[in-house]
Amino acid sequence: MFSIKTKIIISYTVLFGIILFGFSFIVYQDIEQTLLERLDANLDKYCAAIKERINAVAGEQNGENAGDFNNDPGNISHSDFRNIPWMDLHDVRLAVYTIEGKPVVEDSLLSSYGKPNGNNLKKSEFLTRKIHGKNYRLFRSPVQIEEDTLYAVEVAASMEPINANLRSMTMLFLMIIPFALIITGVMAYVISVAAFKPMARMAKEASLISGNNLDRKLELPRSHDEIRKLGETLNEMIKRIEAAFKSQKQFIANASHEIKTPLTIIRAELEFALRNLQNKEVKESVRIALEETSSLATLTNSLLLMSSLDSLQFTLHLEKFRLDELLIDCVYAMKQSAAQKPVSINFNIDDAVEFLGDKEKLKRVFENLIDNAVKYSGTNSTVTIELISLAGNTIEIIIQDNGIGIDATEIDKIFERFYRTPEVRSTYSGSGLGLAIAKEIVDLHNGEIKVQSELGKGTKVTVILPA
Ligand SMILES: Nc1ncnc2c1ncn2[C@@H]1O[C@H](COP(=O)(O)OP(=O)(O)OP(=O)(O)O)[C@@H](O)[C@H]1O
Ligand SMILES: [Mg+2]
């Protein structure tokens with residue numbers, strides 16, 4: 001569904017995002033813990049100062065007898081603690097209780113939250129409470145006066161500075177994380193594009209390699225990495241395919257060559273037998289055998305020609321000749337099969353047209369095109385051959401029939417080796433090599449073959465050659 005590039009970008013970004021979130025969470029927790037510990041330590045210090053003051057006030061008021069002071073708590077008031085510093089604490093609140101929970105010094109905020117009872121005043125404890133919508137850290141601790149514990153102090157400080165610190169840290173994370181993720185995504189994109197560039201280039205080069213140009217090799221990246229290794233492996237594979245292709249072509253060429261001579265002999269013998277046989281039925285069998293031998297000979301010739309076109313040593317034998325005369329020769333060769341159907345062949349040929357090319361090979365091209373036009377036409381139809389020498393510098397040879405035609409979806413395929421349209425496969429003889437060979441020969445002359453056709457209506461084949 002996704003390309004590897006996209007997968008890399010997504011997984012990099014997601015992974016980095018998870019790491020970043022995890023890291024931020026741990027940092028947040030750690031800082032929150034540290035700030036709370038500092039607040040607790042300050043509260044503890046402040047509480048200790050309060051306790052000291054209570055002890056001092058108790059000593060002043062009772063001399064050696066602290067017990068009397070203990071029984072008369074009304075003597076302690078807010079003013080006794082006014083000048084005790086707040087130790088970096090904010091919105092500090094203070095309440096003093098008897099150990100049973102009776103208030104001695106009250107604070108409006110703390111009492112609105114709820115007075116403690118005797119049980120939770122006997123030990124020191126820190127608490128976090130929300131009072132009037134604001135968070136406060138509370139510290140309760142019993143006060144020791146000489147051997148007795150008859151009072152407890154409750155101090156509280158606002159947690160707003162801590163929360164403000166945490167809020168600004170969260171804001172910072174929320175700004176940094178998306179920015180870091182965008183940078184990671186962009187970096188992952190740049191890195192993956194750079195990493196896949198040689199791969200994309202090799203894929204493009206590989207797509208241009210086919211059976212005809214197996215001698216081409218993939219260009220390897222300079223870096224000695226996995227992609228170069230892949231390229232080297234592909235090049236070795238292409239080399240092996242090329243060797244296999246060569247030996248297969250060689251085999252076809254050798255086999256065709258070996259078959260040619262016995263076929264010629266069989267043909268000659270069958271022709272001799274046909275001339276001298278009397279029995280009608282046997283004669284018909286020999287005629288069929290002769291026909292099949294002819295198509296086998298055509299196939300062998302096509303295979304031989306194909307392998308010679310494929311071989312690297314192939315060269316055109318160029319000579320100047322009259323194209324109009326060549327076409328007349330081709331039609332003459334086709335005369336017999338055209339007359340059998342019958343199909344009439346119309347000529348529409350300009351004056352003499354001279355051409356520099358491989359006469360024998362071009363003869364094969366036009367023979368096959370005219371053969372196709374006759375073969376795939378109905379009885380009593382007409383095949384028209386036109387030779388037009390255009391004022392510019394091209395020559396057009398048009399071979400038109402009104403035969404069975406070709407489906408639009410098939411037109412591109414008919415130039416493939418051995419391809420035959422479904423309409424002809426079982427009805428007409430042929431190997432499907434004629435047009436493939438024709439195209440290769442015309443290409444070698446820097447020309448072009450165009451096919452226009454409509455199923456059931458007919459076909460127009462145009463060969464365009466540079467003059
Ligand atoms: N004029 C035409 N009208 C209809 N179909 C055609 C015509 N010319 C070619 N074709 C289609 O294209 C296919 C390929 O043609 P090609 O000449 O390569 O092979 P073939 O005629 O079947 O065999 P051969 O190798 O003997 O020429 C044919 O089998 C046929 O289906
Ligand atoms: Mg043909």
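This passage describes the domains, nonpolar cores, a long-axis helix and a metal site of a predicted model. Local features need pLDDT of at least 70 and side-chain atom pairs count only at pLDDT 80 or more, whereas totals for chains, interfaces and linings use all residues. Residues are numbered from 1 along each chain as its sequence is written, and side-chain values use heavy atoms, without hydrogens and water.

The domain assignment (automatic or from a database) gives domain 1 (4–166), domain 2 (235–310) and domain 3 (319–466). The C-alpha centres of domain 1 and domain 3 are 104 Å apart.

The largest nonpolar core (buried Ala, Val, Leu, Ile, Met, Phe, Trp, Tyr and Cys residues joined through side-chain atoms within 4.5 Å; buried means under 20% relative accessible area with a 1.4 Å probe, protein chains only) has 45 residues, of which L323, F366, I397 and I399 touch the most other members. Elements that each supply at least two of its residues include helix 6 (280–310), helix 8 (359–375) and strand 10 (394–401) (DSSP runs, H or I of at least four residues for helices and E of at least two for strands). Because domain 2 and domain 3 both contribute residues, this core lies between them. A second, separate core of 32 residues includes L89, V104, V153 and A180.

Helix 4 bends by about 40° at F196 (the angle between axes fitted to the seven residues ending there and the seven starting there), and a proline, P198, follows within four residues.

The magnesium ion (ligand 2) has as protein donors (N, O and S atoms within 2.8 Å of the metal, or 3.2 Å for Na, K and Ca) N368 (OD1) and N372 (OD1), at 2.1 to 2.4 Å. Both residues lie in helix 8, four residues apart, and N368 and N372 are buried.

Technical notes:
Chains are lettered from A and ligands numbered from 1 in the order in which they are written. Buried means under 20% relative accessible area, exposed over 50%, partly exposed in between (1.4 Å probe, protein chains only).
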